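User: Could you walk me through this model? I am new to reading structures, so please take it slowly.

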Amino acid sequence: MPTLRDIRKKIKAIQGTKKITSAMKMVAAAKLRKVQESMLRYRPYATKMQQVLSDLAVAVETRSDLPPLLLRRPIKTVEVLVITSDKGLCGAFNTNILRVATKEIDRLKKEGLNTTISVVGRKARDYFKRREIPLKNIWTGISGKLQYTHAQMIAQEMINAYVTEAVDEVLIIYNEFKSVISQRVVINRILPVGRIASEPSEQPVFIPFTYEPRAPELFAMLLPIYIEIQIYRALLESQAAEEAARMTAMDNATKNCDELIKKTTLIANKVRQASITKELMDIVGGVEALKQSEG
């Protein structure tokens, strides 16, 4: 049975933990507001560019002078880009991504395809290294310091691999921000560029565009930027989802500390009550013993 002093030390330690989790929740909330604003401003631009370029890709896909990023070939090797965080304490954020990524990689292998894996974030790096799975590219230190140059660097690696035919398809797996309490793991194909899936109610509209400069020159200029934009959007979505998951996790941890403090305080009161009762019984026993000795 722990002593009253030990229990009070435990309560003090829990109160200290509560202060830390509460502070981390506020920090995560502040970061979330900042990155969420950037993400919401950027999302319409990225979505519209994806729609426009994918429709244009369909319009010119029968031409013989297509740029390399629009060329389709039999898929033999697939590059999988997995985006996680550098830090933990964000609930099931990283676990969900890594579980989906592992399942997708296993599916590709069962279909007889070669896979190469590139990762963003220390959590993904450590996860695959523990399983002795080789990694092609590793980018860390991006969480909380995201810049467009990071997307450019990653996009350049993906583009080079596709143009040199080292890979025939590039998939990106990340956590899409839905709300503060909801994130969704998505798998998107970023290479080769093609028509995106439309809603069932939407009817595709093809417009006879006139290109100036010529379509191949225009695509050669825009397509690398398009890849950068899609990767930057994924990084923004992932960072917003990470901060939301961390804020929720720290809020739950703070509430758990409150519950634990209540339970531990109740135990301390019971121990204190038992101690007082024992002392009273000792006093009463001593008084009775004196009475008997005097009688």
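**Helix 2 and beyond**

Analyst: Let us start just after helix 2, where Gly-112 has a positive phi of about 85°. Please keep in mind that this is a predicted model, in which local features need pLDDT of at least 70 and side-chain atom pairs count only at pLDDT 80 or more, while totals for chains, interfaces and linings use all residues. Residues are numbered from 1 along each chain as its sequence is written, and side-chain values use heavy atoms, with hydrogens and water left out.

User: OK, and how many helices and strands does the chain have?

Analyst: The chain has five helices and five strands, taken as DSSP runs numbered from the N terminus (H or I over at least four residues for a helix, E over at least two for a strand). Read from the N terminus, the order is α-β-α-β-α-β-α-β-β-α.

User: Back to helix 2, what span does it reach?

Analyst: Helix 2 takes in residues 93-110, which is 18 residues, and reaches 27 Å from its first C-alpha to its last, close to the 26 Å expected at 1.5 Å a residue. That expected span is 1.5 Å times one less than the number of residues.

User: Which of its residues are buried?

Analyst: The buried residues of helix 2 are Phe-93, Asn-94, Ile-97, Leu-98, Ala-101, Glu-104, Ile-105 and Leu-108. They lie on the same side of helix 2, because they cover an arc of only 130° around the axis, the arc being that of the directions from the helix axis to the C-beta atoms. On the other side of helix 2, Lys-103 and Lys-110 are exposed. Here buried means under 20% relative accessible area, exposed over 50%, and partly exposed in between (1.4 Å probe, protein chains only).

User: And what share of the whole chain is buried?

Analyst: Of its 295 residues, 40% count as buried.

User: New topic: how many aromatic pairs are there?

Analyst: There are four aromatic pairs in the structure. Tyr-42 and Tyr-45 make an edge-to-face pair, since their ring centres are 5.8 Å apart and their planes stand at 70°. Rings of Phe, Tyr and Trp (its six-membered ring) pair if their centres lie within 6.5 Å, and planes under 30 degrees apart count as stacked, over 60 as edge-to-face and the rest as tilted. Tyr-42 and Tyr-45 are three residues apart in helix 1 (residues 4-60), so about one helical turn separates them. Tyr-42 counts as buried at 15% relative accessibility, whereas Tyr-45, at 46%, is partly exposed.

Tyr-127 and Phe-128 also form an edge-to-face pair, with 5.2 Å from centre to centre and 85° between the planes. Tyr-127 is buried at 13%, and Phe-128 is buried at 1%.

User: Which residues form the aromatic cluster?

Analyst: One aromatic cluster is formed by Tyr-42, Tyr-45, Tyr-148 and Tyr-232.

User: Last thing: which peptide bond is cis, and where is its proline?

Analyst: The bond from Leu-191 to Pro-192 is cis, with omega near -5°, and Pro-192 is in the loop between strand 5 (182-191) and helix 5. For background, most residues other than glycine have a negative phi, and most peptide bonds are trans. Leu-89, in the loop between strand 1 (77-83) and helix 2, has a positive phi near 55° and is exposed at 54%. Glu-165 has a positive phi near 65°; this residue lies in the loop between helix 4 (148-163) and strand 4 (169-179) and is exposed at 55%.
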